[in-house]
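Open the model in your viewer and set side chains to sticks. The stops below go through charged pairs and then cysteines.

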Amino acid sequence: MRKHDVDNIRWITVLLVVLYHVIYMYNSVLTASVIGPFQKVQYQDALQYVLYPWFMVILFIVSGMSSRYYLEHHTIREFLASRTRKLLVPSTIGLFVFQWMLGYLNMSIGGAFDTMAQGTPKVILYVIMAISGTGVLWYIQMLWIFSVGLALIRRFESGKLYMFCERTSPIVLLALGVPVWICAQILNTPVIVVYRFGIYGFCFLLGYFVFAHEKVRERLSRYWHVLAVVAVILGCGYVYVYFGKNYAEAPVVNSPFSIAYGWMAILAIFAVMKRWGDQTNALADWMTKKSFGLYVFHYLTLAAAAYWMHSYTGLSALPSYLMSAVAAYGGGWLLYEIVSRIPVLRFCVLGIKKEK
C-alpha cells in the first residue's frame, strides 16, 4: 500500500531541489562551477538558505522509510540487487556513458579547461569529465552505501528495535535533534562538502526505524500548526543571521542554529503532510513516477541552458532565471522520457531493466 504522504514529500522536495539549483546557478555565495551573480547582493539567494539545512536530509529520511517498506516484501538479496541496479549503476557506469557531458559543462563553466596542461591525454580528460559529471548523483552514491550498511544491520537486528521505535513520541522526536546535531559534526569529507556521512547516515536510519511507523507520523501530525509556526520563525532567523555567508560549509552548515532550524522544518513537513497531504491524485501519481528521472537529468539541461545564455546572450536576471527553470524542469523531464526508452542506455543511466 502506497504511503501518499511520503510519496508527496519526495516529489515535492525534488521540485524544490530543481528550484534551488536554478537559483544556485547564478548565486553570489558559492561561485565555483556556476555562472555567477548578476549583482553583488541578490535577495533571491535567500531561497538557498531556506532549503539547504533540510531538503537533502529529508530525502535521506524518506529513502530510509522506503527501504523499510521495500524490505517488508522482499529479501535482503533482492534489496541489494535492486539498490545496486538503481543506485550504483547510474552513479558509476552512468558517469562514463552519459554524465560526462555534465562534466564537460561543469568544467567549461568553471574554466577548468583553461588551467589544464596542454596535451593532456584524451583518455585522462574523459575520465576527469566523467568524474566531474557526478553532480547531483552524489546522493544516490551515498544512498547505495547506506543501503549496504542497512543490509548488514538487518542480518543482526531481529526487529525489536524497529518495534520499540513505534512508541516514539513527538517530544522524543524533538529531542532527536541533539544526536542529529552531533552526527552533523562527524564523517564530513573535506573539499567536496556534500558528502556528509554522519548526519545523512543517521537520518537514513531514523527514516528506517522511526519515521516509517505510521503511528509516529500520526502522533506528530497533531502538532502540525505549532511545528509549522516554529519552523517558519527559525527559518526567518536563520536567513537573517547567516545571509551572505557560506551556508554549505562549517561552521554554518553544522551550527546548532542550522541543525535546529533544519530539524524543526523536517518535523513540520512530516506533520503537515500527514495531516493534509496523505492523499493522491493524477498529478501526484505522475510526479511520484517521474521525480527520480527529473532529479537525475535536471542539472544537465540547466547547466547547458545557463552556459549557452551566458556565452551567447546578454539576458538580464529575470529572463535568465525563467529560461533556466524551463530548461531544468522541462528539459529534465524530456531527457528522462527519451533516455528511459532507449535500451542499454536506460539501464546504464537510470538502472531500468529490459521490459519483459
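The tour starts with settings, then moves from one selection to the next.

**Before you select anything**

This is a predicted model, in which local features need pLDDT of at least 70 and side-chain atom pairs count only at pLDDT 80 or more, while totals for chains, interfaces and linings use all residues. Residues are numbered from 1 along each chain as its sequence is written, and side-chain values use heavy atoms, with hydrogens and water left out.

**Stop 1: Arg2 and Asp7**

A salt bridge here is a side-chain nitrogen of Lys or Arg within 4 Å of a carboxyl oxygen of Asp or Glu. The structure contains 11 of them. Select Arg2 and Asp7: their side chains form one, with N to O at 2.7 Å. Asp7 has a relative accessible area of 7% and is buried (buried is under 20% relative accessible area, exposed over 50%, partly exposed in between, with a 1.4 Å probe and protein chains only).

**Stop 2: Lys3 and Glu214**

Next select Lys3 and Glu214, whose side chains meet in a salt bridge of 3.5 Å, N to O. Lys3 sits in the segment before α1 (4–24) and Glu214 in helix α12 (residues 214–221), so this pair ties together parts that are 211 residues apart in sequence. Helices are DSSP runs of H or I with at least four residues, numbered from the N terminus. Both ends of the bridge can be checked for exposure: Lys3 is partly exposed at 24%, and Glu214 is partly exposed at 26%.

**Stop 3: Asp5 and Arg217**

Stay on helix α12 and select Arg217 together with Asp5; the salt bridge between their side chains is 2.8 Å, N to O. This pair also links distant parts of the chain, with Arg217 in helix α12 and Asp5 in helix α1, 212 residues apart. Now add Lys3, Glu214, Lys274 and Asp278 to the selection: with Asp5 and Arg217 they make one network, joined by salt bridges that share partners. Arg217 and Asp5 are both buried.

**Stop 4: the cysteines**

How many disulfides does the count come to? With a disulfide taken as a pair of cysteine sulfur atoms within 2.5 Å, the count is zero. Select Cys165, which is in no disulfide: the nearest cysteine sulfur belongs to Cys203 and is 14 Å away. Cys165 is buried, at 11% relative accessible area. Finish on Cys203, where the closest cysteine sulfur is that of Cys183, at 7.6 Å, too far for a bond. Cys203 is buried as well, with 0% relative accessibility.

Note on methods. Helix = DSSP H or I, 4+ residues; strand = E, 2+ residues; numbered from the N terminus.
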